[in-house]
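This report describes one protein model, moving from a single charged residue to the fold as a whole and then to a pocket and some individual positions. Please read it alongside the sequence and the coordinates.

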Amino acid sequence: MSIRPLFITIISILSLFLAILEFWIAYMVISSGSIVSMSFQFIPFSESLGGISYIISGLILIAFGIGLWKGKNWARFGLIIFLVLQLLFLLVVGVFAAGIYVLIEFLPRVLVYGLIIWYLGFSQNVKEFFNQD
């Protein structure tokens, strides 16, 4: 097995860090309900649904982080799909909640997600690392 590329190590650690952040947000949403209640007032039990979605997202990020660390190709493709879905979600939310807050929060995320998608999908050393047996 060849040496793991530095950015794969960084992305896998970042995935694990983001999973911890997702769990913290889930706790905050479930305990206060304020974040989700403001956005989805018309959905019953939106606090619980929002918290559960953050927990599921955190679990997915843990799986991808560990998979990337171990050089699993499914984690590479899974993270690409997960980030594309995140970008689509950001686009939809950005259209409906346009404002300065959206630009300040979403623009860096869109740039980082886009760079990670490009790196995982098109970098030759990444392809070589994940396609070795």
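In which helix is Glu22 found? In this predicted model, Glu22 belongs to helix H1, which covers residues 6-32.

**A buried charge**

Glu22 is buried and nevertheless has no salt bridge. The nearest side chain of opposite charge is that of Arg109, at a distance of 6.1 Å, whereas a salt bridge would need a side-chain nitrogen of Lys or Arg within 4 Å of a carboxyl oxygen. Leaving aside residues up to four places away in sequence, Glu22 touches Tyr54, Ser57, Gly58 and Leu61.

Two of the names met so far return in the surroundings of Gln86, a residue of helix H4 (residues 73-96). With the same exclusion of residues up to four places away in sequence, Gln86 touches Ser57, Arg109 and Tyr113. Ser57 is thus a contact of Glu22 and also a contact of Gln86. Gln86 counts as buried because its relative accessibility is 19%, and the cut-off for that class is under 20%. The C-alpha atoms of Gln86 and Tyr113 are separated by 8.3 Å, although the two residues are 27 apart along the chain.

**Fold and confidence**

The protein has 6 helices and 0 strands, so that, read from the N terminus on, its elements follow the order α-α-α-α-α-α. Of the 133 residues in the protein, 35% are buried. Among contacts with a separation of 6 or more, 66% are accounted for by residues 24 or more positions apart.

The average pLDDT of the protein is 82, and 77% of the residues score at least 70. Confidence is lowest in helix H2 (residues 34-39), where the mean is 51, and highest in helix H6 (residues 124-130), where it reaches 91. Where pLDDT is low, the predicted coordinates should not be read in detail.

**The second largest pocket**

Which residues line the second largest pocket? The lining is made up of Phe7, Ile10, Ile11, Leu14, Val112, Leu115, Ile116, Trp118 and Tyr119, and the pocket holds about 170 Å³ of space. Helix H1 and helix H5 (100-122) each supply at least two residues of this lining, and the largest share, 5 residues, comes from H5. Helix H1, which also carries Glu22, is therefore one of the two helices named as contributors to the pocket.

**Positions with more accessible area**

Three further residues can be set beside the buried ones. Leu111 lies in helix H5 and is exposed because its relative accessible area is 51%, where the class requires over 50%. Ile56, in helix H3 (residues 46-69), counts as partly exposed because its relative accessibility is 45%. Ala63 also lies in helix H3, and its relative accessibility of 32% is why it counts as partly exposed.

For each of these residues, the table gives a partner elsewhere in the chain, with the C-alpha separation.

| Residue | Partner | Distance along the chain | C-alpha separation |
|---|---|---|---|
| Leu111 | Leu87 | 24 residues | 9.7 Å |
| Ile56 | Ala26 | 30 residues | 9.5 Å |
| Ala63 | Leu79 | 16 residues | 9.6 Å |

Taken together, the positions discussed include Glu22, which is buried without a salt bridge, Gln86, which is buried at 19% relative accessibility, and Leu111, which is exposed at 51%.

Conventions
Residues numbered from 1 in each chain as written. Predicted model: local features only at pLDDT ≥ 70, side-chain atom pairs only at ≥ 80, totals over all residues. Heavy atoms only, no water. pLDDT = per-residue confidence, 0-100. Helix = DSSP H or I, 4+ residues; strand = E, 2+ residues; numbered from the N terminus. Buried < 20%, exposed > 50% of the residue type's maximum accessible area, 1.4 Å probe, protein only. Lys, Arg positive; Asp, Glu negative; His and termini not counted. Contact = heavy atoms within 4.5 Å. 1 Å grid on protein atoms, 1.4 Å probe; cavity = no way out; pocket = protein on both sides within 12 Å on 5 of 7 lines; lining within 4 Å. Points joined across faces, edges and corners; volume = space filled by probe spheres on them.
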